[in-house]
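Visitor: Hi! I'm new here, could you walk me through this one?
Guide: Happy to. Take a look first, then ask away.
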Amino acid sequence: MTDHPIRIAPSLLSCDFARVADDLSKIEQAGADWHHVDVMDGHFVPNISIGPPVVTKIKEASSIPLDVHLMITDPIKYAAPFAKAGADVLTFHIEVCDSVAAAREVIATFRDAGVAKVGVALNPATAIERVGDLLGEVDLVLVMSVVPGFGGQSFMSEVLPKVEWLRAQGYAGHVEMDGGLNAETLPRCAAAGTDVLVAGSAIYGSGDWKECIGAFRASAEGVRI
Ligand code: DX5
Ligand code: ZN
């Protein structure tokens, strides 16, 4: 298992981008541990979101870590700009790498750029064994529980065994799940061994963020082994 504390990471994709500084501060006061920042390039995924200049401003308005999820085809090209913008955790998708050597090159580039934690993500259709050779080299594995690109989709419970597999391998880094987490699905992620729980629409769309984050944290902590 892991001794990482549960971390609740609201996804900024569901904030009000016209009032982002207000939302960042309010969600921090409500108990968020990390801001999850979704970067989409319109190529790896069909949607386009934000780039380094916006992340720079988000960093200035934040006082908790930025967990930057790169849903982009060329993570090496953008590693330094996102590191400079203030990414504390920087995660790339394994699907953009055609070999373990290529993935190692991304990891090395992220480390050289100076990010504190390097993560690797995988889509629901990607076998968990694809990241097996990298477990000694990454700080975080992000198991997608929806097909990436949009907030507000339904949780795909068939990905839960991937988390169990990671912990069964003895992986002691962070395991993060992202997509469709809510009051029903989030404790199932935690029970499987996830310590970083991303939720966009369920938190930002709730009437009371503090109550929602508190309830999510309590439910996740309650099911841990
Ligand atoms: C999906 C993104 C998610 C998304 C989660 O492509 O990576 O972070 O914002 O949103 P919800 O929690 O609404 O599924
Ligand atoms: Zn994400």
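Guide: One term to start with: a residue counts as near a molecule if one of its heavy atoms lies within 4 Å of it. Also, this is a predicted model.

Visitor: Okay, so which residues come nearest to ligand 1?
Guide: There are 20 residues around ligand 1, and Asp38, Gly149, Asp178, Gly200 and Ser201 come nearest.

Visitor: What does Asp178 do with its side chain there, in terms of distance to ligand 1?
Guide: An N or O atom in the Asp178 side chain is 2.6 Å from an oxygen atom of ligand 1. For His36, the side-chain distance to a ligand oxygen is 3.4 Å. Gly200 uses a polar backbone atom, 2.7 Å from an oxygen of ligand 1.

Visitor: And how much of ligand 1 does the protein bury?
Guide: The protein buries 100% of the 380 Å² that ligand 1 exposes when taken alone.

Visitor: Which element gives the most to the shell around ligand 1?
Guide: That's β2, with three residues. β3 and β8 also give two or more.

Visitor: What classes of residue are in that shell?
Guide: Eight are nonpolar, ten polar and two charged.

Visitor: Switching topic: where does ligand 1 sit?
Guide: In the largest pocket, which holds about 270 Å³ of space. The pocket is lined by 25 residues, and Gly151, Gly152, Asp178, Gly179 and Gly180 are the closest to its centre.

Visitor: Which elements supply at least two residues of that lining?
Guide: β2 (35–40), β3 (66–71), β8 (196–199) and α7 (201–204) each do. By class, the lining has eleven nonpolar, twelve polar and two charged residues.

Notes:
Residues are numbered from 1 along each chain as its sequence is written. Chains are lettered from A and ligands numbered from 1 in the order in which they are written. This is a predicted model: local features need pLDDT of at least 70, side-chain atom pairs count only at pLDDT 80 or more; totals for chains, interfaces and linings use all residues. Side-chain values use heavy atoms; hydrogens and water are left out. On a 1 Å grid over the protein atoms alone, a cavity is a set of points where a 1.4 Å probe fits but cannot get out, and a pocket is an open set with protein on both sides within 12 Å along at least five of seven lines; lining residues have an atom within 4 Å of a point. Grid points are joined across faces, edges and corners, and a volume is the space filled by probe spheres set on the points. Helices (H or I, at least four residues) and strands (E, at least two) are DSSP runs, numbered from the N terminus. Ala, Val, Leu, Ile, Met, Phe, Trp, Tyr, Cys and Pro count as nonpolar, Asp, Glu, Lys and Arg as charged, and the others, Gly among them, as polar. A polar contact is a pair of N or O atoms within 3.5 Å; within protein, one must be able to donate a hydrogen and the other to accept it, and residues adjacent in sequence count only if both atoms are side-chain atoms. Accessible areas come from the Shrake-Rupley method with a 1.4 Å probe; for residues, only the protein chains shown count as cover. A molecule sits in a cavity or pocket if more than half of its atoms lie within 2 Å of its grid points.
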